[in-house]
Amino acid sequence: MTSPDLAAAAAPRDAVPRRSAASRVKTFAGELPLALLVLGLVAGLIWALSGDSFALNILATTLLFAGLAGAWNIIGGFGGQFSLAHSVFFAVGAYTTANLYLKLGISPWLGIWAAAALSAAVAALVSWPVFRLRGPFFAIATMAFTEVALAIGNYAESLTGGTRGMSIPFRLGIQNMIFRDRLSYALLMFGFMALSLLVVVAVNRSRLGYYLQAVRDNEQAARAAGIGVLRVKLTGMAISAALTGIGGGLFFMQVRVADPAAMLSLFEFGVKFALIALIGGLGTIYGPLLGALVIIPLENWLRAEIGGTLPGANLIVLSLFLIGAALFMKHGIVGVGRAIAARVRRPRP
Amino acid sequence: MADLVNVVTVGILLGGIYALVSVGLNLIFGVIRIVNFAQGEFVMLGMYGAYAGYAFLRLDPYVSLLVLLPLFFLFGAVVQRLLLAPLRNEPSMQIFATFGLLMLIENVVLALTRGTAYSVPSPVSQAGIGLFGIQVGVVRLIALAAATAAAVGLGLFLRNTMPGRAIRAVAQDRAAATLMGVDVERIYMITFGIGTALAGLAGCLLAPIYSLSPQIGTSFILPAFAVVVLGGLGSVLGAYVGGFVVGLTEALAGYYLDPALKYAVIFGVFVLVLIVRPSGLFGKVGAEEVGLRDQS
């Protein structure tokens, strides 16, 4: 699989003079204006919808998943390591935040950073042996890990409430991260999405980002070029898991009740992060945001329209999206956009 | 002591079930180099097929087999042709595609049955035999026998028949097999068909044992993956032996530790194998990587 970035960079090279933007190494500062523009557009969207609490609710979920899919994309898209264990890091973050808040009275605003650290530590510890495996085998091992985490989650009742679940009492207040109006949640999730996007840009335009893509495209060549493959994968995984843990903490503070089976659901979280990244564009910076803007509202609509009459109907549609994208749209929305742009820029002779 | 014998018996019978589910998965992996996440769902479809045969035609699950196996073979061949053949050499897209298939089958069955749990009675489903003072269910013994027969039969087929040789040739070296005049695409369809039919066989035989639910596929696929990794990727014998190892581990862990932690123990074994011997007990060294190298 060639990187979409490389393909895009290679295409216009012969058409334009040598010192084009595409052939220069992209930097964090160079990407920043576009990232801020995108964030500004999303902020405008929140402002436009600020009167409609139903739409704000969906937008909050969309932005949460955009941030989570962006986090998954760091290791799954740039690094090419197909992790299905992200629902575990998500749950670790959620339970860390919730337990710190309920048992020690630590505000979730602080708790999410502890959640990030613990999620990253769990991710690094688990990935260490599993990173020997590649591609599908890595996916299998991480999927098995989700199942183990579920068993442990149901077993450790003091931390998760076991199968009965755990709930956070409704105590209004900004210090508790509990709000009545939907706008606050939309802004909270916007903050998370912005954090995730900036981290993604920083990783993507750094040495680590290029290393990750080198490892994805050819692990042996990357090793031969002197890249510490395991270290690169572990660092990418830890950053990705830390963001996912923060997202888990925010999610739990928003829904305020969950049991391990719901938190560790592969379809609802682990695979959905990957699906959103794929639909938007694997290994691209803005793909996960675009994917979330398509998938989450669509899923909400499906659940409301046909979910009541046909159980699982929303997941049927999502799975068809998944198969369809794998077959016909491998580079997602971003890939389609690039293909169209390339065609417009250079019409057929 | 009686406890131990009891637990070991349970483990062996469970191992038979896992072996039955894993043999097809490992055949598909070994030849096509695709990890089929939907294999557990094929087993689940087999169980519902047996239920459909019983509900509409009053057929015993062991009779439904005769109709279902060819259907599953065709279904597998179609899946390979339409879904997986276009994704050759694209491992991540294969994961997306087979995982999408898993989600699709599970939720279509959920939508069709609306989540009602079914059970399939068979004349022998309640029968038991006393062995060394332990009651053993006949249906579980049949599953064990079928797993053995399937593994031996598949081994003989691969060793002694022309299509079997072609399948092994493709597994060893796709390019060379093509040059020898083997139609690789056809072999892939046959292999995926056989793998799917084995899953259907497992489903039919397990229908009288388990209560049917759309989610049951997932509870087979994870032990089956553990079996495949443990026994060696691509080895039929490995899948058979690995089935018993995983079954025994699960039974012992469930009895002596805590039933809730059996998956954690299996995963522990899984990780241990990966560290000590990534190619599994019977696999060729390096087999765990070959699946990702371009083969063309």
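# Exercises on a predicted two-chain model

**Exercise 1.** Check whether the length of helix α2 (residues 39-57) of chain B fits its number of residues, and decide whether the helix is covered.

*Solution.* Helix α2 of chain B has 19 residues, which at 1.5 Å a residue should span 27 Å. The expected span is 1.5 Å times one less than the number of residues. In this predicted model, the end C-alpha atoms of the helix are 26 Å apart, in agreement with that expectation. As for cover, 15 of the 19 residues of α2(B) are buried, so the helix is mostly covered. Just after α2(B), B:Arg58 has a positive phi of about 60°.

**Exercise 2.** Treat α13(A) in the same manner, and find where the helix bends.

*Solution.* From first C-alpha to last, the 15 residues of α13(A) reach 19 Å, close to the 21 Å expected at 1.5 Å a residue. The bend is at A:Lys272 and amounts to about 50°. Because 13 of its 15 residues are buried, α13(A) is largely enclosed by the rest of the structure. After the helix, A:Gly281 takes a positive phi of about 140°.

**Exercise 3.** Decide whether the radius of gyration of chain A agrees with that of a compact globule.

*Solution.* For 349 residues, a compact globule would have a radius of gyration near 20 Å; chain A has 20 Å, so the two agree. The C-alpha trace of chain A spans about 65 × 50 × 40 Å along its principal axes. Chain A holds 16 helices and two strands, and 49% of its residues are buried. Of its contacts with a separation of 6 or more, 77% join residues 24 or more positions apart.

**Exercise 4.** Describe the side of chain A that touches chain B.

*Solution.* Start with the counts: 37 residues of chain A contact 40 residues of chain B. Next, find the elements: α6 (135-155), α13 (266-280) and α15 (313-328) of chain A each give two or more residues to this side. The most come from α6(A), with 13 residues. Last, sort the residues of this side by type: 28 are nonpolar, five polar and four charged.

**Exercise 5.** Find the residues with the most contacts inside the largest nonpolar core, and the helix that gives the most to this core.

*Solution.* The largest nonpolar core has 217 residues, and A:Ala144, B:Leu20 and B:Val23 have the most contacts inside it. Helix α1 (residues 2-32) of chain B gives the most, with 15 residues. Leaving aside residues up to four places away in sequence, B:Leu20 touches B:Ala143, B:Ala146, B:Ala147, B:Ala150, B:Ala202 and B:Leu205.

Terms used
Residues are numbered from 1 along each chain as its sequence is written. Chains are lettered from A and ligands numbered from 1 in the order in which they are written. This is a predicted model: local features need pLDDT of at least 70, side-chain atom pairs count only at pLDDT 80 or more; totals for chains, interfaces and linings use all residues. A nonpolar core is a set of buried Ala, Val, Leu, Ile, Met, Phe, Trp, Tyr and Cys residues joined through C-beta atoms within 7 Å. A residue is buried if 20 or more other C-beta atoms lie within 10 Å of its own, exposed if 12 or fewer, and partly exposed in between; C-beta atoms are placed from the backbone. Helices (H or I, at least four residues) and strands (E, at least two) are DSSP runs, numbered from the N terminus. Two residues are in contact if their C-beta atoms, placed from the backbone, lie within 7 Å. Ala, Val, Leu, Ile, Met, Phe, Trp, Tyr, Cys and Pro count as nonpolar, Asp, Glu, Lys and Arg as charged, and the others, Gly among them, as polar. The radius of gyration is taken over C-alpha atoms; the globule rule is 2.2 Å times the number of residues to the power 0.38. The bend at a residue is the angle between axes fitted to the seven residues ending there and the seven starting there.
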